[in-house]
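Work through the exercises below with the structure in view. Each task is followed by a solution in steps.

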Amino acid sequence: MSLNNKPSRQLNRRKFLGDSVKSALGIAAGLAVPGVLSGCGTKEIENFFQKHFLELSPAELKSLLARLERENLKKYGKSTVVSAKPAMPGVLFGYGLDLSRCIGCRRCVHACVKENNQSRDPAIQWIRVLEFSKEKGIDFAEANPYYCAPGSGAGAADSSNKLPAAPPPQLTGEQKQILADPVSQYPLYKEKETEGPGCKVPRPEHFYVPISCQQCENPPCVKVCPVKATWKEPDGIVVIDYNWCIGCRYCMAACPYGARHFNWAEPKLPSEDVNPDMHYLGNRPRYRGVVEKCTYCIQRTRNGRYPACVEICPVGARKFGNLLDPNSEIRYILEHKRVLILKNDLATRPKFFYFYGL
Amino acid sequence: MNQHIYSAVTAIGLFLLLTNVKPAWAESLESASNSPPVSDGIQTPAPPLSPDYFPCTTCHEKGKTNNQRRQLKTDHTDIVFEHDEKNRWCLDCHAPLDRDKLHLASGELIEFSQSYRLCGQCHGPTYRDWKVGVHGKRTGMWNGQKNYFLCVHCHDPHSPAIKPIQPFPAPDKPTGKPFLLGAKNK
């Protein structure tokens with residue numbers, strides 16, 4: 001998993017396993033391990049023999065985090081802080097999303113990308129905003145995530161299978177400004193937001209359901225992982241150790257919400273876009289061949305802050321808090337509003353609650 | 001017997017009225033309605049007042065007003081008023097004699113930064129939800145200091161329905177070409 005060596009010399013867990021099998025066919029299995037490792041430096045061997053995250057001693061964890069920070073500095077020329085802050089006691093995170101408020105503006109999608117160091121090319125987005133027509137209701141077969149895309153007219157669902165005429169547009173300067181300073185989007189009704197040509201949301205007779213990881217209490221993705229690279233933390237966040245993931249993608253097949261994303265290519269992240277506030281289990285840069293997903297912005301929420309999507313949402317549709325605190329916003333929602341969870345019949349018990357605030 | 005009780009109650013009531021002595025519960029009720037209803041921790045960004053107009057008293061002289069309900073013909077013609085327009089007009093919210101302030105139904109003058117109290121007079125359930133952080137937006141700490149946004153950050157007070165806005169870019173569509181071949185960028 002070294003980031004810095006040439007590809008021909010790179011050794012990761014998957015390649016190692018493959019090579020071992022090949023070698024074992026020809027020579028004694030006992031000789032295969034030193035044979036494969038003989039081309040490595042001490043650093044690579046250190047990376048390779050890293051223990052499982054949950055079994056690291058405090059000293060080992062410290063040196064691991066320091067190593068990741070060194071790698072980040074070398075790769076992005078930017079000093080970063082990689083934390084491994086554990087869960088707070090007495091906290092179980094829950095999320096609320098007000099379906100009667102969401103207007104489908106996708107600001108959460110891009111605030112998430114910025115906060116969590118997602119690959120910009122190929123673009124990986126942890127939040128997917130689905131558009132439904134009010135006439136048909138929540139029918140996932142009819143969902144359209146590409147509304148208001150260029151080259152698809154007004155973004156009608158019937159054209160969603162056609163290829164876009166132009167590549168997807170980059171963020172405009174104004175949009176970047178909103179991401180950098182969410183308060184600058186107010187008042188929401190100012191002219192530059194509402195006037196002018198182009199597709200506007202909410203489109204008439206449509207409603208929007210943003211979907212990301214539902215942070216299940218009974219997560220099917222965790223059950224299927226053959227190497228225990230993903231697990232549920234004590235505060236309820238399902239996390240992935242990117243150094244332990246072998247990229248088998250069983251978890252993606254198991255997830256009923258499409259919440260997990262695979263790094264098919266080496267993630268591209270311009271160094272000026274790197275968010276230096278990182279968490280080992282969250283937004284540190286990922287590698288090619290690993291799976292990633294929403295972590296409720298673990299680097300923010302374990303320090304008491306709201307997730308980035310909550311802070312950017314212009315209409316306040318997104319709510320976050322501690323399910324074990326009877327005075328929290330999320331508990332108020334569960335006790336007073338009409339709440340639904342997605343795919344209730346699968347018994348995944350999501351901690352992501354959709355509700356109607358009206 | 002009942003008569004005695006009634007007369008005793010009336011006497012006490014009269015006594016309270018005449019002497020202007022208030023029981024303790026009345027005191028606490030009153031102070032609750034006077035102080036900002038949200039605890040002191042409440043913080044909002046400054047209200048989005050247009051610098052072209054505010055302070056209003058540069059034009060509207062304090063202490064003078066035209067109370068006649070009318071269509072504005074010369075000034076403020078850019079304001080589209082769609083907020084119970086059949087029953088409301090400017091001075092139901094704007095203080096007639098001091099235009100830098102708003103007024104509640106009780107006549108109490110309030111600053112623009114407390115406009116949520118004005119809105120809450122009619123929109124009770126929404127106001128209740130806003131105070132607990134369920135309607136509208138909060139930023140800051142989920143377990144500590146929170147920033148509230150005012151009603152008027154999202155809703156134009158003269159035309160409160162949320163206006164459609166431009167969305168951020170749509171996700172990439174699958175292109176259909178063999179992805180790994182194009183992305184071999186190691």
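**Exercise 1.** State which domains chain A is divided into, and describe the side of domain 1 that touches domain 2.

Solution. The model is predicted. Start with the division: domain 1 of chain A covers 7-81, and domain 2 covers 82-161 + 171-358. Next, take the contact between them: 16 residues of domain 1 of chain A meet 18 residues of domain 2 of chain A. Then look for the elements on the domain 1 side: α1 (13-26) and α4 (58-76) of chain A each give two or more residues to it. Of these, α4(A) gives the most, with 6 residues. Finally, sort that side of domain 1 of chain A by class: 6 residues are nonpolar, 6 are polar and 4 are charged.

**Exercise 2.** Describe the contact of chain B with chain A, taking the chain B side in detail.

Solution. Begin with the counts: chain B brings 39 residues to the contact and chain A brings 55. On the chain B side, the elements that give two or more residues are β3 (138-140), α5 (151-154) and α6 (179-182) of chain B. The most comes from α5(B), with 3 residues. By class, this side of chain B has 20 nonpolar, 12 polar and 7 charged residues.

**Exercise 3.** How many helices and strands are there in chain A, and what share of its residues count as buried?

Solution. Chain A has 12 helices and 12 strands. For burial, a residue needs 20 or more other C-beta atoms within 10 Å of its own. In chain A, 40% of the 358 residues count as buried. As a last step, consider contacts in chain A between residues at least 6 apart in sequence: 63% of them join residues at least 24 apart.

Definitions and conventions: Residues are numbered from 1 along each chain as its sequence is written. Chains are lettered from A and ligands numbered from 1 in the order in which they are written. This is a predicted model: local features need pLDDT of at least 70, side-chain atom pairs count only at pLDDT 80 or more; totals for chains, interfaces and linings use all residues. Domain bounds come from an automatic or database domain assignment. Two residues are in contact if their C-beta atoms, placed from the backbone, lie within 7 Å. Helices (H or I, at least four residues) and strands (E, at least two) are DSSP runs, numbered from the N terminus. Ala, Val, Leu, Ile, Met, Phe, Trp, Tyr, Cys and Pro count as nonpolar, Asp, Glu, Lys and Arg as charged, and the others, Gly among them, as polar. A residue is buried if 20 or more other C-beta atoms lie within 10 Å of its own, exposed if 12 or fewer, and partly exposed in between; C-beta atoms are placed from the backbone.
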